[in-house]
Amino acid sequence: MIATARLATIRPLPLRIREFADRDILHVCSWVKTQEALSLVSGDYANCLTPTIMAKWLSAAYISLVVTDRATDKPLAFCTLSGSEITPLPSCYVELCHLIVNPTHRYLFLAPRLCRAAQALAFRSEYKFLCGRVVPMNRYAICL
């Protein structure tokens, strides 16, 4: 008789995408703990992502989004949509900026899901083009 292994059922996390809230700042900042990690998502220079840097991103953003665990409402991924990060950006363009995924939740397709939601929101808001810049050393963004 041949023994068969029972495959565990993998249940995806119940997720939702919502607008970023002030209560999310410390969660998102905790994901970017080094200067190197910050350099992958921003031109800001610091030892880690700080609430002050995030405040600057948020003030420049048209809107900021998070993917959350539906059960706990804790953020798992974050991005901003901005028209002022690159100048001069034509008024029909919006840039997807500062895309960050909680390192403990990588490989769950959170970034593509967030990108699709940001794209849909941008087009509903009558932007014609969504763009983004990728740091050449950011292998996750290049794969995305």
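Valine 67 has alanine 77 in β3 as its bridge partner. The pair belongs to a predicted model, and it is one point of contact between two strands. Strand β2, residues 61-69, and β3 run antiparallel and are joined by seven bridges. The hairpin that they form has five residues between the strands.

Two residues of that connection can be picked out. Alanine 71 sits in the loop between β2 and β3. With a relative accessible area of 70%, alanine 71 is exposed. Its C-alpha atom is separated by 28 Å from that of arginine 124, and the two residues are 53 apart along the chain. Aspartate 73 is found in the same loop, between β2 and β3. Its phi is near 65°, a positive value in a residue other than glycine.

On its other pairing, β3 meets strand β4, residues 93-101, in the antiparallel sense over five bridges. Here leucine 81 stands opposite leucine 96 in β4. Strand β3 thus takes part in pairings with β2 and with β4. How much of β3, residues 75-82, is buried? Eight of its eight residues are, and the strand is described as mostly covered. As a general point, the side chains of a regular strand alternate between the two faces of the sheet.

After β4 comes another loop residue with a positive phi. Phenylalanine 109 lies in the loop between β4 and α4. Its phi is about 60°, although phenylalanine 109 is not a glycine. Phenylalanine 109 counts as exposed because its relative accessibility is 64%, and the cut-off for exposed is over 50%.

The cysteines come next. How many disulfides does the structure hold? The number is zero. The sulfur of cysteine 79 has its closest cysteine sulfur in cysteine 115, at 6.8 Å, which is too far for a bond, because a disulfide requires sulfur atoms within 2.5 Å. Cysteine 97 is in no disulfide either, and its nearest cysteine sulfur, that of cysteine 131, is 7.6 Å away. Both residues are covered: cysteine 79 counts as buried at 0% relative accessibility, and cysteine 97 counts as buried at 4%.

Helix α3 spans residues 51-60, and Ile53, Met54 and Trp57 are buried in it. Seen down the axis of α3, its buried residues fall within an arc of 100°, so they line one face of the helix. The face turned away from this buried side carries the exposed residues Thr52 and Ser59. What do the buried residues of α3 pack against? Their partners are the helices α1 (25-29) and α2 (35-39), together with the strands β2, β3 and β4. The helix therefore shows a buried face on one side and exposed residues on the face turned away.

The last feature is a pocket. Rolling a probe the size of a water molecule over the atoms shows where empty space is left. The largest pocket holds about 1,100 Å³ of space. Its lining is made up of 39 residues, and Val41, Leu99, Asn138, Tyr140 and Ala141 lie nearest its centre. Which element gives the largest share of that lining? Strand β4 does, with seven residues. At least two residues of the lining come from each of α3, β4, α4 (110-124) and α5 (139-143). Both α3 and β4 thus return here as contributors to the lining, after their packing against one another was described above.

Note on methods: Residues are numbered from 1 along each chain as its sequence is written. This is a predicted model: local features need pLDDT of at least 70, side-chain atom pairs count only at pLDDT 80 or more; totals for chains, interfaces and linings use all residues. Side-chain values use heavy atoms; hydrogens and water are left out. Buried means under 20% relative accessible area, exposed over 50%, partly exposed in between (1.4 Å probe, protein chains only). Helices (H or I, at least four residues) and strands (E, at least two) are DSSP runs, numbered from the N terminus. Two strands pair if DSSP finds at least two bridges between them. The arc is that of the directions from the helix axis to the C-beta atoms. Contact means heavy atoms within 4.5 Å. On a 1 Å grid over the protein atoms alone, a cavity is a set of points where a 1.4 Å probe fits but cannot get out, and a pocket is an open set with protein on both sides within 12 Å along at least five of seven lines; lining residues have an atom within 4 Å of a point. Grid points are joined across faces, edges and corners, and a volume is the space filled by probe spheres set on the points.
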